[in-house]
Amino acid sequence: MENKINIFASDNCSGVHPLIMQAVEKANKGYEISYGDDGYTAEAVKIFKEKFGKEADVYFVFTGTAANVLSLKAATDTFNSVICAETSHINVDECGAPERFAGVKLLTIPTGDGKIKIQQIERFLEVKGIEHHSQPRVISIAESTEYGTVYSAREIRVIADFAHNNEMYLHMDGARLSNACATLKCDFKYLTNDCGVDILSFGGTKNGMMMGESVVIFNPDLKNNFKYIRKQGMQLFSKMRYVSAQFIEFFKDDLWLKNALHANEMAKLLAQKLVDLGVKVTNKVESNGVFAVLDGDVIEKLREKYVFYVWNSRLNEVRFMCSFDTEEKDIDLFIEMLRNILR
Ligand SMILES: Cc1ncc(COP(=O)(O)O)c(C=O)c1O
């Protein structure tokens, strides 16, 4: 409500896509059986199976953090560890929820661009079978990454094969999987099920939904107990039709793709305009986030009007996010202000 401009702070700052809002309104009629035994949820589950493969099981949850934590819980015992990027959401932005609720240790890998490589994972396996050490059981990657970069299908497959050859599972945090699929011009199944992902957190909130995330399970070993894990994890909500109706609309006529393509395109445009001003953009712009380095006094001046986050204070690296409803004129106004500050 503050008088500052929140457009580039996060894709969570956007409102709800009007078609999604209409879908919620339409679902708001009459009575439906609760806890997911309703017609909307049956329809949404059917669509998920079409998109991710018929063997995929899907469970809706409220937040991306819950999707991640419950996925990790399903794939681990309390003596296990999860290998992930130092910059991953599970490590940085979940207040220790994976440690607290999944009861796992996180083994983190430094990355420049948010992407981990199997050569960096190998050293963690030296402790396998030694009871003094937590036992690596999951590799967790984000697609798109927290730095706006994207793993190719081949890169995912290499990590999945490595995980499976070493008795581990591959978890994917797909809070922004739509943006990655839009960039790589592929469907959801191609980057997940076909690549050997075992369990996926799949997001809708950052791409036009009001709220609603999901856990999609491909590996049969992880399916059996998930309904109990979700309930015990306090994520089985009663009026599920409202999330299911959103996901139905999200997939209809490829709304997810239109939204993600637009957000990605706006990020590219913003990055180009920053580069044209002589600003250093630090990562490849492969989804809807732009990372750039600005002088401290420039950041301060911009912040008098705009809200955005400093991602790495040591480097003065900031993050600008674009969204399904970012407009070119928003970018122009922002760039105009920056140009005046830099003058
Ligand atoms: C990579 C990533 N994963 C997961 C999430 C989900 O977070 P939340 O629990 O806020 O829905 C986010 C949100 O910022 C994210 O950026």
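The questions and answers below go through a predicted model, from the whole chain down to single residues.

Residues are numbered from 1 along each chain as its sequence is written. Because the model is predicted, local features need pLDDT of at least 70 and side-chain atom pairs count only at pLDDT 80 or more, while totals for chains, interfaces and linings use all residues.

Me: How many helices and strands does the chain have?
Reply: Helices (H or I, at least four residues) and strands (E, at least two) are DSSP runs, numbered from the N terminus. By that count the chain has 14 helices and 11 strands.

Me: What is the radius of gyration of the chain, and which value would a compact globule have?
Reply: The radius is taken over C-alpha atoms, and the globule rule is 2.2 Å times the number of residues to the power 0.38. For 343 residues the rule gives a value near 20 Å, and the chain agrees with it at 20 Å.

Me: What percentage of the residues in the chain is buried?
Reply: A residue is buried if 20 or more other C-beta atoms lie within 10 Å of its own, exposed if 12 or fewer, and partly exposed in between, with C-beta atoms placed from the backbone. Of the 343 residues in the chain, the buried share is 47%.

Me: In what order do the strands of the 7-strand sheet stand?
Reply: Strands of a sheet pair through backbone hydrogen bonds, either parallel or antiparallel. Two strands pair if DSSP finds at least two bridges between them. This sheet is open, its pairing is mixed, and the order is 1-7-6-5-4-2-3.

Me: Why is one side of strand 1 and of strand 3 left without a neighbour in the sheet?
Reply: Strand 1 and strand 3 (105-109) stand at the edges of the sheet. One side of each is free because each has a single partner strand.

Me: Which residue of strand 7 is the bridge partner of Phe-60?
Reply: Strand 1 (residues 57-61) is mostly covered, with 5 of its 5 residues buried. Val-58 and Phe-60 point one way from strand 1, and Asp-57, Tyr-59 and Val-61 the other way. Strand 1 pairs with strand 7 (residues 213-217) in the antiparallel sense over 5 bridges. The partner of Phe-60 in strand 7 is Ser-214.

Me: Which residue in strand 4 does Asn-80 stand opposite?
Reply: Strand 2 (residues 80-85) runs parallel to strand 4, and 4 bridges join them. Opposite Asn-80, in strand 4, stands Gln-135.

Me: What angle does the direction of helix 7 make with that of strand 5?
Reply: Helix 7 packs on the sheet and touches strand 4 and strand 5, where a contact means C-beta atoms, placed from the backbone, within 7 Å. Axes are lines fitted to C-alpha atoms, for helices over the stretch in contact, and angles run from 0 to 180 degrees between N-to-C directions. With strand 5 the angle is about 145 degrees.

Me: Which strands stand at the edges of the 4-strand sheet?
Reply: This open sheet has the order 8-9-11-10 with antiparallel pairing. Each edge strand has a single partner, so one side of it has no neighbour in the sheet; the two are strand 8 (280-281) and strand 10 (309-312).

Me: Which strands does helix 12 touch?
Reply: Helix 12 (residues 255-276) packs on the sheet, and its direction makes about 15 degrees with that of strand 9. The strands touched are strand 8, strand 9 and strand 11 (317-321).

Me: How many residues of helix 8 are buried?
Reply: Helix 8 (residues 177-184) is mostly covered. What covers its buried residues includes strand 5 (169-174), helix 9 (188-191), strand 6 (199-203) and helix 12. The count of buried residues is 7 of 8.

Me: Which two residues does a cis peptide bond join?
Reply: Most residues other than glycine have a negative phi, and most peptide bonds are trans. Here omega is about -5 degrees. Ser-144, on one side of the bond, lies in the loop between strand 4 (135-142) and helix 7 (153-165). The bond joins Glu-143 and Ser-144.

Me: Is Cys-95 buried or exposed?
Reply: Cys-95 is found in the loop between helix 4 (89-92) and helix 5 (97-102), and its phi is positive, near 55 degrees. Because Cys-95 has 9 C-beta neighbours inside 10 Å, it counts as exposed.

Terms used. Two residues are in contact if their C-beta atoms, placed from the backbone, lie within 7 Å.
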